[in-house]
Every structure is written in structure tokens, then in C-alpha cells.
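User: Please take a close look at the pockets and enclosed spaces of this model, and at the ring contacts beside them. I should like one connected account of what lines each space.

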Amino acid sequence: MSSAPADLAALGSSTRRELHGTLAERAYHALRDQLIMLDIAPGAPINEQALAAELGVGRTPLREGLKMLEVDRLVVSFPRRGTFATRIDITDLAAVSEVRTVLEPLAARRAALVSRPEHRAGFHDKADQIERLCGVDVDNRTLMLHDIDVHRLVYRATGNPHLEETLVRLDNLATRIWCLVLDQLPEVDAHIVEHVDLLRAVAEGDADRAATLALAHTTHFEAALRAVL
């Protein structure tokens, strides 16, 4: 049986680049979600060897993934010290919210106007999932994962990769702050249930209502955080 390095060496250069990019992206997405949900604690060192083994990727694609995460402000690298999960600065909330209150309604409006049938079906499916949570004892982590799903669904449906990329980064930073105080927040489930009307409005193409609900949700999010900070 040939070894993994030999198998990779036998691939054409373009195939190696494609596989390499895929591995880097896999590392990026896996680590991004761990950092967002604080599974990797703020300020914690990034153990490249352990993470490469955990994710089943080599050190080079892992490091490429870490470079992308540094652009997202989720990790920070220091010469001769290594890479660390960024600490959470509560003062970032105002700056992040200032931009999100402008872009979240824009994304909801655009998604309502241009989303494809498969996106609209996804909105209804996610709304149904969230509605089924009403009256059910669900842990806050599960609720936050639904929150992340909703936002990413809407951003993707805008058809604008620049808007999607910007909002994903902002939502990631906001979610880290949210997760930091998650156990202190009352009615997390009510915050998540707000998404049902938003998802239905986007799915039905009601752009004005979708934008209004997105703005209300974003401002409610900031107010809820400020109440416990």
C-alpha cells in the first residue's frame, strides 16, 4: 500500500492545489466554529500539532486556515510566541452593532428580492425547526447554533459574496460576545424565535417586512447584551 505522501506526490500540480485548498478550507471552517462557540477559549494558544491531528489535515493547510482566521480577527499570531485565539473586547460591541444595523436589513431585503427557490425552501425548513423548539427544554448552545444557521442562510441567499463575507465575519464576532455571557442572558429562546417571522418574510419575498424585522432583531440583540454587560 502506498503512503499518503507518495499518493499526494503522484497527483498533478493542479489537483494537489485543489486538494490543498480544500483541506485548508476544512481546517478554517472547523476551527472557526470552535472559536465562535468558545470551544477554544479566548486567549488560548493554538496547538497546531494537536489540531492538525484532530482535523486530519497537515500542518501547511492548517496554517493556511489560521491565516484566514486571522483576517477574520478570530486568531492572532505573534512572532516567536505562536498563534492564539483572540480575546473578546466588549467595547467592540458598539462598533460591530453600528455596521450590522445597516447591513443586516440590507441583506434581509436583498434575500427577499433575489433568493432562489431552494433558498426559500430552506427558510421555511429552518422556520419550522425553530417553531418546534417552542415549549421544549433546549440548551442555549443548541439555540445559538440555530441563530448562526439563520444568519448564514440569509447572507448566502443575497447572492452578493462581498456582503455575505462581511456579515459572516461581523456575526461571528457578535456571537462570540453573546456566548461569553450566554448563561447570564434571560429568554435566549425568545431571541431565537424572533427569526421565525424574519425567515417567513424573506421566503415570501416581503422585502420591507424582512428589513424591518432584521433591524429589530439586531437592535434587540445589542440591547440584551448591554443589559448584562
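**Pockets, cavities and ring contacts**

Analyst: In this predicted model, the largest pocket has a volume of about 260 Å³. Its lining consists of 13 residues, and those nearest the centre of the pocket are Arg73, Asp89, Asp92, Val96 and Leu173. Two helices, helix 5 and helix 8, each contribute at least two residues to this lining. By class, the lining of the largest pocket holds 7 nonpolar residues, 1 polar residue and 5 charged residues.

The second largest pocket has a volume of about 200 Å³. Its wall is formed by Tyr28, Arg32, Asp72, Arg152, Arg156, Pro161, Glu164, Glu165, Val168 and Arg169. Helix 2 (13–36), helix 7 and helix 8 each give at least two residues to this lining, and the largest share, 5 residues, belongs to helix 8. The lining of the second largest pocket comprises 7 charged and 3 nonpolar residues, with no polar ones. Helix 8 thus appears in the account of both pockets: it supplies at least two residues to the largest and the largest share of the lining to the second largest.

The enclosed spaces come next. The model contains 2 cavities of 30 Å³ or more. About 60 Å³ of space lies in the largest cavity, which is lined by Glu104, Ala108, Val150, His151, Val154, Leu198, Ala214, His217 and Thr218. Two or more of these residues come from each of helix 5 (92–114), helix 7 (140–157) and helix 10. In terms of residue class, 5 members of this lining are nonpolar, 3 are polar and 1 is charged.

The second largest cavity has a volume of about 30 Å³. Around this cavity stand Met144, Asp147, His151, Asp171, Ala174, Thr175, His191, His217 and Phe221. Helix 7, helix 8 and helix 10 each provide at least two residues of the lining. That lining divides into 4 polar, 3 nonpolar and 2 charged residues. The two cavities share lining residues, among them His151 and His217.

Phe221 leads from the second largest cavity, whose lining includes this residue, to the ring contacts. There are 2 aromatic pairs in the model. One of them joins Trp178 and Phe221 in a stacked arrangement, with 4.8 Å from centre to centre and 15 degrees between the planes. This pair connects distant parts of the chain, with Trp178 in helix 8 (residues 161–180) and Phe221 in helix 10 (residues 207–228), 43 residues apart. Trp178 and Phe221 are both buried. The pair counts as stacked because its planes are under 30 degrees apart.

Phe221 also takes part in a contact with a charge: the charged end of Arg100 is placed over its ring, 5.2 Å from the centre. Phe221 therefore meets the criteria for two kinds of ring contact, since its ring pairs with that of Trp178 and lies beneath the charged end of Arg100. A further contact with a charge involves Phe78, where Arg81 lies over the face of the ring at 4.5 Å from the ring centre.

Taken together, helix 8 and helix 10 each supply at least two residues to the lining of the second largest cavity, and these two helices are linked by the stacked pair of Trp178 and Phe221.

Notes: Residues are numbered from 1 along each chain as its sequence is written. This is a predicted model: local features need pLDDT of at least 70, side-chain atom pairs count only at pLDDT 80 or more; totals for chains, interfaces and linings use all residues. Side-chain values use heavy atoms; hydrogens and water are left out. Rings of Phe, Tyr and Trp (its six-membered ring) pair if their centres lie within 6.5 Å; planes under 30 degrees apart count as stacked, over 60 as edge-to-face and the rest as tilted. Helices (H or I, at least four residues) and strands (E, at least two) are DSSP runs, numbered from the N terminus. Buried means under 20% relative accessible area, exposed over 50%, partly exposed in between (1.4 Å probe, protein chains only). A charge sits over a ring if NZ of Lys or CZ of Arg is within 6 Å of the ring centre and within 35 degrees of the ring normal. On a 1 Å grid over the protein atoms alone, a cavity is a set of points where a 1.4 Å probe fits but cannot get out, and a pocket is an open set with protein on both sides within 12 Å along at least five of seven lines; lining residues have an atom within 4 Å of a point. Grid points are joined across faces, edges and corners, and a volume is the space filled by probe spheres set on the points. Ala, Val, Leu, Ile, Met, Phe, Trp, Tyr, Cys and Pro count as nonpolar, Asp, Glu, Lys and Arg as charged, and the others, Gly among them, as polar.
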